[in-house]
Amino acid sequence: MMFSRNPARGSRVLNGLALLGVTGILGMAFAWQILYDELPCPLCLLQRVALILAGVGFLLNLRLGPSPMHYAMSIAASLGGMVASGRQILLHMAPGDPGYGSPFLGMHFYTWAFIAFAAIIVFSILMQTADRKWGDSMLKKPVPVVGVVVMALFFIMTLANVGSTTLECGFGPCPDDPTTYLWLPSSAAP
């Protein structure tokens, strides 16, 4: 088992995979937004922020070593994300309501987000029970190239999502049912 021979390496790999998963989810949502011209609603944006904050917890574990505080950050962010995605699920439960946005593999992104947040919480709890405090000397150890690539991808996806949100909403509140980017020219005919 990974933890029996080298617990630091096993934890680093699992936290790296978790960060890669969060990055993949953010990338998928961002790609869907661009490819299908489906702008995220305010609740969707809150879910993305929660994913980013959960990812920061894993990034800190990757860079500084595992800590209950880092896992707590991922858990707290996921609880907030579950509230936002759960609220959106409840908003679209009425009979005949098609939901917001196109479904992916039979479920809307907010439903997938709820499942992802629950998985992050379970992962973080299990990792807390398996990890020992080994991060005290982690700043002296270099992060492997794969870890640096995963962290860089996470930062790129975070910046892409922040940029698209700024283009959509400007510096004010986001519209409840967005149809265009506030700061991009509209393609509608005059």
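1. Which residues is serine 74 in contact with, leaving aside its neighbours within four places in sequence? The contacts are Ala54, Gly57, Phe58, Ile120 and Ser124. Serine 74 sits in helix α4. Its relative accessible area is 0%, so serine 74 is buried. The side chain also has a polar partner: it reaches the backbone oxygen of alanine 54 at 2.8 Å. Alanine 54 therefore appears twice for this buried serine, as a contact and as the residue whose backbone oxygen is reached.

2. A word on confidence. This is a predicted model. The mean pLDDT of the protein is 88. Of its residues, 88% reach 70 or more. Confidence varies by element: helix α1 (residues 2-5) has the lowest mean pLDDT, at 52. Helix α4 has the highest, at 96. Serine 74, in point 1, belongs to that helix α4. Read any detail of α1 with its mean pLDDT of 52 in mind.

3. Overall architecture. The protein has six helices and zero strands. Along the sequence the pattern reads α-α-α-α-α-α. The protein has 190 residues, and buried ones make up 41% of them. Among contacts with a separation of 6 or more, 73% are between residues 24 or more positions apart.

4. Histidine 108 deserves a look. Where is histidine 108 found? It is in the loop between α4 (68-91) and α5 (109-130). Despite the loop setting, histidine 108 is buried, with a relative accessible area of 13%; the label applies because that value is under 20%. A polar atom of its side chain lies 3.1 Å from the backbone oxygen of glycine 101. Not counting residues up to four places away in sequence, histidine 108 touches Pro98, Gly99, Tyr100, Gly101, Ser102 and Pro103. Glycine 101 is thus one of the residues touched, and its backbone oxygen is the atom in the 3.1 Å pair.

5. Leucine 105 shares a loop with histidine 108. Leucine 105 lies between α4 and α5, and histidine 108 is in the loop between those helices too. Is leucine 105 buried or exposed? Leucine 105 is exposed, with a relative accessible area of 67%. Histidine 108 in that loop is buried, at 13%. The backbone of leucine 105 is also worth checking on screen. Its phi is positive, about 55°, although the residue is not a glycine.

6. Aspartate 37 is another residue with a positive phi. The value is near 50°, in a residue other than glycine. Aspartate 37 is placed in the loop between α2 and α3. Aspartate 37 is exposed, with a relative accessible area of 56%.

7. Proline 42 is in helix α3. Proline 42 is partly exposed, with a relative accessible area of 26%. How far apart in sequence are proline 42 and proline 175, and how many Å apart in space? They are 133 residues apart in sequence and 7.2 Å apart in space, C-alpha to C-alpha. Not counting residues up to four places away in sequence, proline 42 touches Cys174, Pro175 and Asp176.

8. The largest pocket has a volume of about 420 Å³. It is lined by 24 residues, and the closest to its centre are Ala29, Gln47, Arg48, Phe109 and Tyr110. Helices α2 (7-35), α3 (42-64) and α5 each give two or more residues to the lining. Helix α2 gives the most, with six residues. By type, the lining divides into 16 nonpolar, six polar and two charged residues.

9. The second largest pocket has a volume of about 220 Å³. Which residues line the second largest pocket? They are Arg9, Arg12, Val13, Gly16, Leu17, Leu20, Leu62, Pro144, Val146, Gly147 and Val150. Helices α2 and α6 (145-169) each supply at least two residues of this lining. Helix α2 gives the most here, with six residues. The lining divides into seven nonpolar, two polar and two charged residues.

10. Helix α2 links the two pocket descriptions. It gives the most to the lining of the largest pocket, and the most to the lining of the second largest pocket. In each case the contribution is six residues.

Notes
Residues numbered from 1 in each chain as written. Predicted model: local features only at pLDDT ≥ 70, side-chain atom pairs only at ≥ 80, totals over all residues. Heavy atoms only, no water. Helix = DSSP H or I, 4+ residues; strand = E, 2+ residues; numbered from the N terminus. Buried < 20%, exposed > 50% of the residue type's maximum accessible area, 1.4 Å probe, protein only. Polar contact = N/O pair within 3.5 Å; in protein donor to acceptor, adjacent residues only side chain to side chain. Contact = heavy atoms within 4.5 Å. pLDDT = per-residue confidence, 0-100. 1 Å grid on protein atoms, 1.4 Å probe; cavity = no way out; pocket = protein on both sides within 12 Å on 5 of 7 lines; lining within 4 Å. Points joined across faces, edges and corners; volume = space filled by probe spheres on them. Nonpolar A, V, L, I, M, F, W, Y, C, P; charged D, E, K, R; others polar.
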